[in-house]
Amino acid sequence: MNSEKLFQLDREHVVYSWKNQKDAAPIMMEKADRIYMWDVDGKRYTDFSSGLLNVNIGHNNEHVKKAMREQMEKVCYVGTGFGTEVKAVLSKMISEVTPGDLDYVFYTNGGAEAVENAIKAARAYTGRHKIYSRWRSYHGATAGAITLTGDPRRWAAEPGIPGVVKYFGPYGYNCPFGTENAEESGQKALEMLKTQVMLDGPHTVAAIFMEPIVGTNGIIIPTESYVKGVRELCDEYGILLIADETMSGWGRSGKWFCMEHFGVVPDIMTTAKGVTSGYVPLGCMIWSKKIWEYFWDHPFMGGLTYGGHALACATGIANIEVYKEDKLIENSENLGNYLEKKLLELKEKHPSIGDVRCKGLWACVELTADRKTKAPLAGFNNSIRNVAGPLMKILYDEGLYTFCKWDFIFLSPPLCITREEIDESLEKLEVGLRYTDSLL
Ligand SMILES: Cc1ncc(COP(=O)(O)O)c(C=O)c1O
């Protein structure tokens, strides 16, 4: 079907997320391989966003496709009460790469459902109802997960589920407490969180959720002392620490899981995305031993028709094999250092860059109208102007797909990318940066 006809068909029937339907103008994609995608007219785009930060191993991987075909010949799905070899083996493999004693896996279809089930598990385990989550966070679009979310995507879902309390996390570049750097911001954020929990009644708090590094709200990287401090606070009051590693896991930050950077083991972890790199949907809630022991003789009141889907589990196993075989976690760390160096060079050249934050192949360029005052160019929720819209259009024209929002340009290529491919992509990014410079 030619691109015009296909576009028309799409716009007559397909509903797009998070926008007015009249504003949806999707490029019609046909195929993808490694870090590239091609539209139906044959134009090539570099996928510098790994889809929605999920296609970590890259597109069209032969090893994964073979494993999927083989599983499809055996069985795609059996009821969730049955065991399968792929479900048991994947769970063992996950337990080997997650930190500490996070060894017990409950399967979902994606990140939001993992979060929903973690809320249930925390409330049942502690017998308490309050759930803490951060301003400037995203946890998914289902009822509980969107209530936990600390960005404007939550507003339409308010009032949301009861018992959710928001706290400020650290933000070195733009600290809510007016501090000057990441260390001070972390100390102040920890002090405030302790005070908030104390005033709220620690015995009423079931769990504190965190994205170890904040993802879609700007790759905000906390200090080790902050994350360790939150762990200690949780331990002091019997509160569960829940790390939402939906985006930060699976090598994205240069380690298997982001919590490793801080030397902290959460009580529960939620994840999705890179577990199957998006070849089919899969998410997981992973319990530490104490949570598992509690539910040994208490029912866990959660379940989904597609939990532990056999085809998805086989895809997960093959993904982990690829991460290991192709040394993708190491590549993320090494090339992440290279990406950071190159972005810092761009900062020297482009005055509209206010800050560069990078951990593994997971980076954010934060734009500014004025480096001295750190005044934003677009503002929170585009309160000043929409920069991301025109910027993404320029980058698409250059054949570069990367996610931009407000003052943030996110750079998160598949972990199989090479140095040369990073260089080539950053040349394209510079065309966009010349546009943002022109707005100063
Ligand atoms: C930290 C985090 N949690 C949860 C989600 C929701 O995951 P899903 O869209 O698979 O439900 C996302 C999605 O981007 C995320 O980044």
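The following questions and answers concern a predicted model.

User: What is the strand order of the open sheet of seven strands?
Analyst: The pairing in this sheet is mixed. From one strand to the next, the twist averages 20°. The order is β4-β10-β9-β8-β7-β5-β6.

User: Which strands stand at the edges of that sheet, each with a single partner strand?
Analyst: In the order β4-β10-β9-β8-β7-β5-β6, an edge strand is one that has a single partner. One side of each edge strand is therefore left without a neighbour in the sheet. The strands at the edges are β4 (104-108) and β6 (164-167).

User: Which residue in β7 stands opposite Y132?
Analyst: Strand β5 (residues 130-134) and strand β7 (residues 205-210) run parallel. Three bridges join β5 to β7. The residue of β7 opposite Y132 is I208.

User: Which strands stand at the edges of the open sheet of four strands?
Analyst: This sheet has mixed pairing and the order β1-β2-β3-β13. Each edge strand has a single partner, so one side of each is left without a neighbour in the sheet. The edge strands are β1 (29-33) and β13 (400-401).

User: What is the bridge partner of Y36 in β3?
Analyst: Strand β2 (residues 36-39) is joined to strand β3 (residues 44-47) by three bridges. The two strands run antiparallel. The partner of Y36 in β3 is T46.

User: Where does R34 lie, the residue with phi near 50°?
Analyst: R34 has a positive phi, and R34 is a residue other than glycine. Its place in the chain is the loop between β1 and β2.

User: Which residues are joined by a cis peptide bond?
Analyst: The omega of this bond is about 10°. One of the two residues, P159, lies in the loop between α6 (143-148) and β6. The cis bond joins E158 and P159.

User: Are α11 and α13 roughly parallel or roughly antiparallel?
Analyst: The axes of helix α11 (residues 328-349) and helix α13 (residues 419-438) come within 11 Å and cross at roughly 30°. Angles under 35 degrees count as roughly parallel. The crossing angle therefore makes α11 and α13 roughly parallel.

User: How many charged residues are in the contact of α11 with α13?
Analyst: α11 passes α13 in a right-handed crossing. On the α11 side the contact is made by L335, Y338, L339, K342 and L346, and on the α13 side by R419, I422, L426, E430 and L433. By class there are seven nonpolar residues and no polar ones, and the number of charged residues is three.

User: Are α12 and α13 roughly parallel or roughly antiparallel?
Analyst: Helix α12 (residues 388-398) and α13 have axes that come within 9 Å and cross at roughly 150°. Angles over 145 degrees count as roughly antiparallel. The two helices are therefore roughly antiparallel.

User: How many nonpolar residues are in the contact of α12 with α13?
Analyst: The crossing of α12 and α13 is right-handed. P390, L391, I394, L395 and E398 of α12 make the contact with K428, V431, G432, Y435 and T436 of α13. Two of these residues are polar and two are charged, and the nonpolar ones number six.

User: Are α4 and α10 oblique or roughly parallel to each other?
Analyst: The axes of helix α4 (residues 85-97) and helix α10 (residues 310-325) come within 9 Å and cross at roughly 40°. An angle must be under 35 degrees to count as roughly parallel. The two helices are therefore oblique.

User: How many nonpolar residues are in the contact of α4 with α10?
Analyst: The crossing of α4 and α10 is left-handed. In α4, V86, K87, V89, L90, M93 and V97 meet A310, C313, A314, G316, I317 and I320 in α10. The contact has one polar and one charged residue, and its nonpolar residues number 10.

User: Which helix gives the most to the shell around the ligand?
Analyst: The ligand is surrounded by 15 residues, and the closest are G110, G111, A112, G140 and T246. By class, the shell has five nonpolar, eight polar and two charged residues. The helix that gives the most, with three residues, is α5 (residues 111-126).

How values were computed:
Residues numbered from 1 in each chain as written. Predicted model: local features only at pLDDT ≥ 70, side-chain atom pairs only at ≥ 80, totals over all residues. Axes fitted to C-alpha atoms, helices over the stretch in contact; angles between N-to-C directions. Parallel < 35°, antiparallel > 145°, perpendicular 65-115°, else oblique. Left-handed = near helix turned anticlockwise from the far one by under 90°. Contact = placed C-beta atoms within 7 Å. Nonpolar A, V, L, I, M, F, W, Y, C, P; charged D, E, K, R; others polar. Near = placed C-beta within 6 Å. Pairing = 2+ DSSP bridges.
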